Amino acid sequence: MEVTILGSGASLLSPDRVLSGLMIEIAGEPLIFDMGAGVLHRLSCSLVELTRIEHLFISHLHVDHCSDIVALVQSLWLMGYDKTLNVYGPKDILKMGEAIGEVFPYLIGKIKIKSHTISPEFQVKSKNWTVKAFPVNHGDFEAYGYHLEAEGKRIVYSGDTAPSENLVKAAKDADLLIHECSLPDRMKGMAPNHSTPGEVGKVAAEADVKTLVITHLYPELIEELGDALRSIRATFSGKIIVPRDTQIITL
Ligand SMILES: [Zn+2]
Ligand SMILES: [Zn+2]
C-alpha cells in the first residue's frame with residue numbers, strides 16, 4: 001500500500017507546496033482524499049492514468065480542500081472517462097455539485113458522478129478496503145477525518161482540526177497518522193480551529209501511532225521547522241515525516 005502526499009501546503013501559499021490532497025493506492029486502486037488547488041496537477045505527476053480514479057473523499061468544504069474538483073471533472077471528460085466518480089463529503093457536497101452544474105452547464109452529463117453525503121457513522125467498503133469518517137473539531141464548520149483499513153494496516157487522515165478526541169480514538173495504534181499541523185505553537189491564537197506542533201505531538205502520543213506525517217503546513221511552520229519538530233518530539237517518540245509534495249510513503 002502506498003500513500004502519496006499530493007499537497008502539503010495551506011492557503012497562505014508556499015511555492016513548492018500545493019493545497020490539501022493525498023492518494024492511497026491499494027492493490028493498484030487509487031483513493032483520493034481532498035482535492036485543493038494544485039492537487040490535480042500533482043496527481044498527473046503521481047498517477048499515470050487519472051481515469052482509474054473512482055473514489056474521492058472530501059474532508060470538508062473549505063476551498064483549500066475541494067476547489068480542484070471542477071478541473072478534475074473537465075480533465076476526466078476530455079480523457080474519455082467511462083467509470084462513475086464517487087464523491088464523498090459533508091451534506092453540502094450535493095449543493096456543490098448543483099452549483100458547479102449551474103455555473104458550468106457544459107460539464108453536465110459529461111462524466112458520471114455520484115455524490116455521497118457522509119455522517120458520523122459513515123462507512124464505505126470494497127473487497128480490498130474500508131473507509132470510515134468521523135467528525136473532527138474545526139470550530140463550528142462541519143468537518144471530518146477519515147480512517148482507512150486495508151491489507152491489515154490502518155491509516156488516519158485528520159483533514160482540518162484542532163485537537164480532537166474522536167481523532168485520538170480513531171487513530172489509536174494506527175500505522176500512519178496524517179495530521180494537519182498549520183502554524184507554530186506561538187501562533188495558536190491566530191488559528192484556534194487548527195493544530196500546532198505541540199498539540200499534534202500530544203495527539204500522536206496519546207493515540208500511540210507508529211508514524212506521524214504532518215501536512216497543511218503554513219510558511220511560518222516551515223520557516224520554524226526545527227522548533228516545530230522539537231515541540232512534537234517533546235511528547236511523541238515515533239517516526240515523524242515532513243513530506244514534500246508527491247512523496248510516497250510505503251506501508
Ligand atoms: Zn478548513
Ligand atoms: Zn485547510
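**Sheet, helix packing and loops in the predicted model**

Strand 5, made up of residues 84-89, runs parallel to strand 6, and six bridges hold the pair together. One spot where the two strands face each other is Leu85, which sits opposite Ile113 of strand 6. Everything described here comes from a predicted model rather than an experiment. Helix 3, residues 93-103, lies across both strand 5 and strand 6, and its direction makes an angle of about 150° with strand 6.

Zooming out, these two strands belong to an open sheet of seven strands, ordered 6-5-4-3-2-1-14, in which the pairing is mixed. The sheet ends with strand 6 (112-117) on one edge and strand 14 (247-250) on the other, each of them pairing on one side only. Going from one strand to the next, the twist averages 20°.

Now for the nonpolar core. The largest one has 68 residues, and the members that touch the most others are Leu22, Phe57 and Leu177. Phe57 is a handy one to click on: once neighbours within four places in sequence are set aside, Phe57 is in contact with Leu31, Ile32, Phe33, Tyr88, Val131 and Tyr146. Of these contacts, Tyr88 falls within strand 5 (residues 84-89), while Leu31, Ile32 and Phe33 fall within strand 3 (29-33).

Next comes helix 7. Which residues of helix 7 (residues 225-233) are buried? They are Ala228, Ser231 and Ile232. Looking down the axis of helix 7, these buried residues fall within an arc of 100°, so they line one face of the helix. That fits the usual geometry: an α-helix has 3.6 residues a turn, so residues three or four places apart point the same way. As for what the buried residues of helix 7 pack against, the partners are helix 5 (197-207), helix 6 (219-223) and strand 13 (239-241).

The pairing of helix 5 with helix 7 can be spelled out further. Their axes are 7 Å apart and make an angle of about 30°, and the crossing is right-handed. On the helix 5 side, the residues involved are Pro197, Gly198, Val200 and Gly201; on the helix 7 side they are Ala228, Ser231, Ile232 and Arg233. So the buried trio of helix 7 turns up again in this contact, joined by Arg233.

A few loop residues are also worth a look. Gly36 is found in the loop that links strand 3 (29-33) to helix 1 (39-46). Is Gly36 buried or exposed? Gly36 has 26 other C-beta atoms within 10 Å, and 20 or more is the cut-off, so Gly36 counts as buried. Beyond residues up to four places away in sequence, Gly36 touches Gly7, the run Val18, Leu19, Ser20 and Gly21, and the run Asp64, His65, Cys66, Ser67 and Asp68. The C-alpha atoms of Gly36 and Gly21 are 6.2 Å from each other, although the two residues are 15 residues apart along the chain.

Two aspartates have a positive phi despite not being glycine: Asp173, with a value near 60°, and Asp208, with a value near 55°. Asp173 is in the loop between helix 4 (165-170) and strand 11 (176-180), and Asp173 is exposed because just 9 C-beta neighbours lie inside 10 Å. Asp208 is in the loop running from helix 5 to strand 12 (211-215). With 15 other C-beta atoms within 10 Å, Asp208 comes out as partly exposed.

Technical notes
Residues numbered from 1 in each chain as written. Chains lettered and ligands numbered in written order. Predicted model: local features only at pLDDT ≥ 70, side-chain atom pairs only at ≥ 80, totals over all residues. Pairing = 2+ DSSP bridges. Helix = DSSP H or I, 4+ residues; strand = E, 2+ residues; numbered from the N terminus. Axes fitted to C-alpha atoms, helices over the stretch in contact; angles between N-to-C directions. Contact = placed C-beta atoms within 7 Å. Buried ≥ 20, exposed ≤ 12 C-beta atoms within 10 Å, placed from the backbone. Arc of directions from axis to C-beta. Core = buried A, V, L, I, M, F, W, Y, C linked by C-beta atoms within 7 Å. Left-handed = near helix turned anticlockwise from the far one by under 90°.
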